[in-house]
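I set out to look up one residue in a loop and a handful of charged pairs, and to note where each of them sits. My entries follow below the model.

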Amino acid sequence: MTQKGTVFTEISFRFPRKHLYRKLRLLDHPDLLQEFDALLDEAVALAKPKVAFRTVLVNQRGSGFVELEGRRLESHILAAHLLSSNRLYVFAATCGTELDDWSQTQSDPLKYYWAHEILGIALERAVRHLKRQIVSIYDPGKLTTIDPGATVDWPLQGQTLLFELLGDLPAQMGLELLPSHIMKPTKSVSGIIFPTTHPINRCRLCDLEGCLERSRPYDKTLFATQPELSNS
């Protein structure tokens with residue numbers, strides 16, 4: 001651990017095979033199971049998801065903004081939830097270039113779709129690993145996560161500020177922020193993890209239509225000043 005942050009490149013986890021069967025509805029198509037298992041075995045052999053983070057102090061907070069190391073971040077929702085937090089954790093996580101490169105070799109549309117879902121699991125496990133590490137090191141209490149593009153008032157362009165705060169940590173993972181504000185590998189995420197008594201349900205604060213990952217409907221009334229209004 002250094003003041004410059006930490007990168008985790010060796011993350012032990014298991015792919016939830018049965019969960020993927022259900023999510024991809026493979027149990028309805030048993031003739032495809034052997035083909036999927038072979039693809040998943042390839043992914044297991046290659047998977048090296050990675051995650052990096054830095055502890056950042058909140059210099060100032062106000063109505064609709066927080067200041068992190070002299071950088072102003074404008075988000076009404078984030079500021080409301082940060083009112084009781086003086087320290088937060090800026091992070092970036094990726095499925096890894098190994099899996100991303102492998103997925104690009106899948107010329108069959110069905111296998112490419114399966115690979116896309118497998119990459120998502122790897123990314124999810126990287127973020128989960130980071131949260132466990134933060135709890136183990138800092139014991140901050142209950143954590144919540146927010147990332148650019150996940151709420152109506154913190155657009156994807158917010159990733160620029162996060163990459164500035166992370167310095168060279170993303171590059172150590174092979175992670176790049178493109179001028180379009182999309183990351184490469186695409187199955188990556190950057191954001192902020194912080195302790196709160198009022199967890200954010202991001203789906204209720206996101207107006208992206210047609211999202212296949214949506215767990216709750218968007219509620220425009222929750223773009224509000226009260227942290228408890230965003231409680232799931």
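**Notebook: charged pairs and a loop leucine**

I began with Lys111, which counts as partly exposed because its relative accessibility is 26%, a value between the limits of 20% for buried and 50% for exposed. I keep in mind throughout that this is a predicted model.

I then asked which residue Lys111 meets in a salt bridge. The partner is Glu35, and the N to O distance between the two side chains is 3.7 Å. Glu35 belongs to helix H2 whereas Lys111 belongs to helix H5 (residues 109-138), so this pair ties together parts that lie 76 residues apart in sequence. Glu35 is itself partly exposed, and I noted a relative accessible area of 34% for it.

Next I looked up how many salt bridges the structure holds, and the count is 11. One of them joins the side chains of Arg17 and Asp37, with 3.1 Å from N to O. This pair, too, links distant parts of the chain, since Arg17 is in helix H1 (residues 17-23) and Asp37 is in helix H2 (residues 33-46), 20 residues apart. For Arg17 I wrote down a relative accessible area of 29%, which makes the residue partly exposed.

I turned to a pair within a single helix, Glu124 and Arg128, which form a salt bridge whose closest N and O atoms are 3.1 Å apart. Both residues are in helix H5, and because they are 4 residues apart there, about one helical turn separates them. Glu124 counts as partly exposed at 37% relative accessibility, and Arg128 counts as partly exposed at 40%. I also checked for salt bridges that share partners, and found that such bridges join Arg17, Asp37 and Asp41 into one network.

My last entry concerns Leu82, for which I asked whether the residue is buried or exposed. Leu82 counts as buried because its relative accessibility is 0%, and the cut-off for buried is under 20%. Its place in the chain is the loop between helix H3 (76-81) and strand E5 (87-94). When I left aside the neighbours within four places in sequence, I found Leu82 in contact with Arg61, Val66, Leu88 and Phe194. I also looked up the separation of Leu82 from Val58, and their C-alpha atoms are 8.9 Å apart, with the two positions 24 residues apart along the chain when counted as a separation in sequence.

Conventions. Residues numbered from 1 in each chain as written. Predicted model: local features only at pLDDT ≥ 70, side-chain atom pairs only at ≥ 80, totals over all residues. Heavy atoms only, no water. Helix = DSSP H or I, 4+ residues; strand = E, 2+ residues; numbered from the N terminus. Buried < 20%, exposed > 50% of the residue type's maximum accessible area, 1.4 Å probe, protein only. Contact = heavy atoms within 4.5 Å. Salt bridge = Lys/Arg side-chain N within 4 Å of Asp/Glu carboxyl O.
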